[in-house]
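Biologist: I'm new to this one, so could you take me through a single part of it up close? I'd like one strand and whatever it pairs with, and then any odd backbone spots you can point to.

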Amino acid sequence: MAELYLIRHGQASFGADNYDCLSEKGHAQSAALGDWLRSTGWTPDRLVTGTLERQRDTLTAMGYDDASEEHAGFNEYDFHNLLMARFQGQMPDDVRGDRKSHFRTLRDTVLEWQAGGLPDASESYQTFVDRTAAAMEHATRDGARRVLVVTSGGVIGQLVSSAMEAPARMMMELNLQIKNTAVTKFVFSGTRHFVHQFNATPHFDTDHDLLTYS
């Protein structure tokens, strides 16, 4: 069977004006992952990212300079838009700037979104499900045996929970566990794909200070 590695992007810039760029630690995490992958002899023959800056820059910092593809289906759900929809455009300061408050509130917001709430959001949960499934189909189409995808935590959580036929809320439970630059491995044959590894960070075994969740 062929192999697909889903990589969560490196640490982004929480609280900054431009969240969608890697922090200094995010660059270091990405470089460590690239070094580890090359040390294993695992060489991708297809590279795919979403269209977000933090996803593209993670691949670059990993040291993969070959031509890569972009597929917007691998973009994260727009968590800022969801929070603004929930709070009708007036997001509380603690949700905006405090990590613990932000992610606790985001979890509840996503669960509401999955249940059909937040009608003013720019994307429905079903649209998110459909586009991530289409992105997976694109990445695993005929012709590649080792596929490397840089994406985001919500996308990985959705694809894993879908493959496991888990309840929808499991997407967010997994999302909140996924470490920056963690490796989630699928094997696939045609349209069938199976989870073989989740949220692994062997590239941090000798540098635990690089481990982050957000």
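Modeller: Here is a look at one strand and its partners, followed by two loop residues. Keep in mind that this is a predicted model.

Let's start with strand β1, which runs over residues 2-8. It's mostly covered, with 7 of its 7 residues buried. That goes for both faces: Ala2, Leu4, Leu6 and Arg8 sit on one side and are buried, and on the other side Glu3, Tyr5 and Ile7 are buried too.

Now for the partners. Strand β5, residues 183-189, pairs with β1 in the antiparallel sense, over 6 bridges. If you want a spot to find in that pairing, look at Ala2, which stands opposite Phe188 of β5. Strand β4, residues 146-151, pairs with β1 as well, but in the parallel sense, over 6 bridges. There you can look for Leu6, whose bridge partner in β4 is Val149.

As for the backbone spots, a bit of background helps: most residues other than glycine have a negative phi. Gln88 isn't a glycine, yet its phi is positive, at about 50 degrees. You'll find Gln88 in the loop between α3 (79-86) and α4 (93-97), and it is exposed, with a relative accessible area of 73%.

Glu165 is another case: not a glycine, but with a positive phi of about 55 degrees. Its place is the loop between α7 (153-163) and α8 (170-175). Glu165 is exposed, with a relative accessible area of 72%.

Note on methods. Residues are numbered from 1 along each chain as its sequence is written. This is a predicted model: local features need pLDDT of at least 70, side-chain atom pairs count only at pLDDT 80 or more; totals for chains, interfaces and linings use all residues. Side-chain values use heavy atoms; hydrogens and water are left out. Buried means under 20% relative accessible area, exposed over 50%, partly exposed in between (1.4 Å probe, protein chains only). Helices (H or I, at least four residues) and strands (E, at least two) are DSSP runs, numbered from the N terminus. Two strands pair if DSSP finds at least two bridges between them.
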